[in-house]
Amino acid sequence: MIFDSHAHYDDAQFDEDRDTLLAYLHENGVDFITNIGCDVKTSESSVKLAEKYPFIYAAVGFHPQEAKSFDESSYERIKELLSHPKVVALGEIGLDYHYPDVPKEMQKEVFEKQLMLAEEMDKPVIIHSRDASQDTLEIIKKYKPRGVVHCFSGSAETAEEYIKIGMYIGITGVVTFKNARKTVEVVKVVPNNRLLIETDCPYLAPAPMRGKRCDSSLLKYTAEKIAEIKGTAVEHIYSATFQNAKTLYGIK
C-alpha cells in the first residue's frame with residue numbers, strides 16, 4: 001500500500017528507462033503515483049503518463065519559477081487539462097524566493113490566479129513553498145484550499161497552522177538527512193491522518209542513496225524514518241499515507 005504523492009517521471013533523467021522502471025515499481029509494491037506538472041509542457045507530459053499507466057495520476061499547474069511564462073493561453077490550457085479524468089489536482093503552485101529571477105509580486109499573482117482556478121474547478125492544490133513561508137501561509141489562509149504543502153520545509157509551528165486549515169503535509173527523503181532536525185520536529189507534530197509521503201523524484205533521494213537519482217522504490221527509507229520518529233510500525237505509515245493520498249486526490 002504505497003502511494004508516491006509527488007513525482008516527476010516525465011523528467012529527462014528517466015528517458016532511458018522510464019517504461020521499464022515504472023513497470024518494475026508497480027510490480028513491486030508502488031500502487032499509485034501522482035505525476036506533477038510545472039508548466040504547460042510538463043503538465044501535458046504528466047497527463048500523457050497518466051493516460052498510459054492506470055496507476056499514475058496527474059497534476060497540472062505552474063511552478064512559481066515558471067511564472068514569467070504564465071499568460072492567458074497558459075491559463076486556458078491548464079484549465080482545459082484540469083477537466084481530464086486522470087487529472088486529480090492543480091500543482092505544483094506556490095512561491096519560491098530562493099532565486100531572485102522571478103519577482104515576488106509576479107509569483108503571488110500567478111499563485112492566486114491558480115488558487116482561484118482550483119476553487120472554480122473543485123480541485124485540490126499541491127503547494128510549493130521555498131524561502132517564502134510567511135507569504136505562502138498568508139495566501140493559503142486567505143483562500144483555504146484543499147491540498148498539500150509538498151516537500152514541507154517550514155517549522156513545526158507552521159505545519160500546525162496548515163493542519164488547522166485542513167491541509168496535508170508532504171514529507172520527502174529529506175527527513176532521513178543528518179541535518180534534518182526541523183523536518184523531524186515537523187513529523188512529530190503532524191498526525192497520521194494529515195501526512196503524505198513523496199519522492200519529488202528524480203530529486204531528493206533519501207539516505208543512504210542521497211545524491212543518486214530518486215525513484216518511488218526509495219520511499220521505504222522515508223516511511224521507515226517517519227515510523228521511527230513516531231514510534232510506530234512502518235505498515236501504519238504506509239496505510240495512513242496511502243489512504244490520505246487517495247482521499248486528497250479523490251481516487252476510489
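Which residues touch the most other members of the largest nonpolar core? In this predicted model, that core comprises 69 residues, and the members touching the most others are Y9, L22, L115, I127 and I169. Apart from the largest core lies another one, of 16 residues, including I126, Y168, F242 and L248. The surroundings of Y9 illustrate how the larger assembly draws on separate parts of the chain. When neighbours within four places in sequence are left aside, Y9 is in contact with D4, F14, R18, L21, L22, L25, I33, N35, L49, C201, D215 and S216.

One of these contacts of Y9 is C201, a residue that counts as buried because its relative accessibility is 0%. C201 forms no disulfide, because the closest cysteine sulfur, that of C214, is 5.7 Å away, too far for a bond. For C151, the closest cysteine sulfur is again in C214, at a distance of 11 Å, which is likewise too far for a bond. The number of disulfides in the model is zero.

The strands are arranged in an open sheet of eight, with the order β1-β2-β3-β4-β5-β6-β7-β8 and parallel pairing. Strands β1 (2-7) and β8 (195-197) stand at the edges; each has a single partner strand, so one side of each is left without a neighbour in the sheet. On average, neighbouring strands are turned by 25 degrees against each other, direction ignored.

Strand β4 (residues 87-96) runs parallel to β3 (residues 56-60), to which it is joined by three bridges. Within this pairing, A58 stands opposite V87, and A59 has A89 as its bridge partner. Towards β5, β4 is joined by six bridges, again in a parallel arrangement, and here G94 stands opposite H128. Strand β4 is mostly covered, as 10 of its 10 residues are buried.

Helices also pack on this sheet. Helix α2 (residues 40-52) touches β2 (30-36), β3 and β4, and its direction makes about 160 degrees with that of β3. Helix α4 (residues 104-121) touches β4 and β5 (125-130), with its direction at about 160 degrees to that of β4.

Helix α4 contains Q107, which is buried because its relative accessibility is 1%. The side chain of Q107 has two polar contacts with the backbone to report. One of its polar atoms lies 2.7 Å from the backbone nitrogen of D96, and the side chain also reaches the backbone oxygen of V102 at 3.1 Å. Beyond four places in sequence, the residues in contact with Q107 are P64, Q65, A67, G94, L95, D96, Y97 and V102. Among them is G94, the residue of β4 that stands opposite H128 in β5.

Another buried position lies in the loop between β5 and α5 (133-143), where A132 is found. A132 counts as buried because its relative accessible area is 4%. Not counting residues up to four places away in sequence, A132 touches L95 and Y97, two residues that are also in contact with Q107. The C-alpha atom of A132 is separated by 23 Å from that of A205, a residue 73 positions away along the chain.

Methods:
Residues are numbered from 1 along each chain as its sequence is written. This is a predicted model: local features need pLDDT of at least 70, side-chain atom pairs count only at pLDDT 80 or more; totals for chains, interfaces and linings use all residues. Side-chain values use heavy atoms; hydrogens and water are left out. A disulfide is a pair of cysteine sulfur atoms within 2.5 Å. Buried means under 20% relative accessible area, exposed over 50%, partly exposed in between (1.4 Å probe, protein chains only). A nonpolar core is a set of buried Ala, Val, Leu, Ile, Met, Phe, Trp, Tyr and Cys residues joined through side-chain atoms within 4.5 Å. Contact means heavy atoms within 4.5 Å. Two strands pair if DSSP finds at least two bridges between them. Helices (H or I, at least four residues) and strands (E, at least two) are DSSP runs, numbered from the N terminus. Axes are lines fitted to C-alpha atoms, for helices over the stretch in contact, and angles run from 0 to 180 degrees between N-to-C directions. A polar contact is a pair of N or O atoms within 3.5 Å; within protein, one must be able to donate a hydrogen and the other to accept it, and residues adjacent in sequence count only if both atoms are side-chain atoms.
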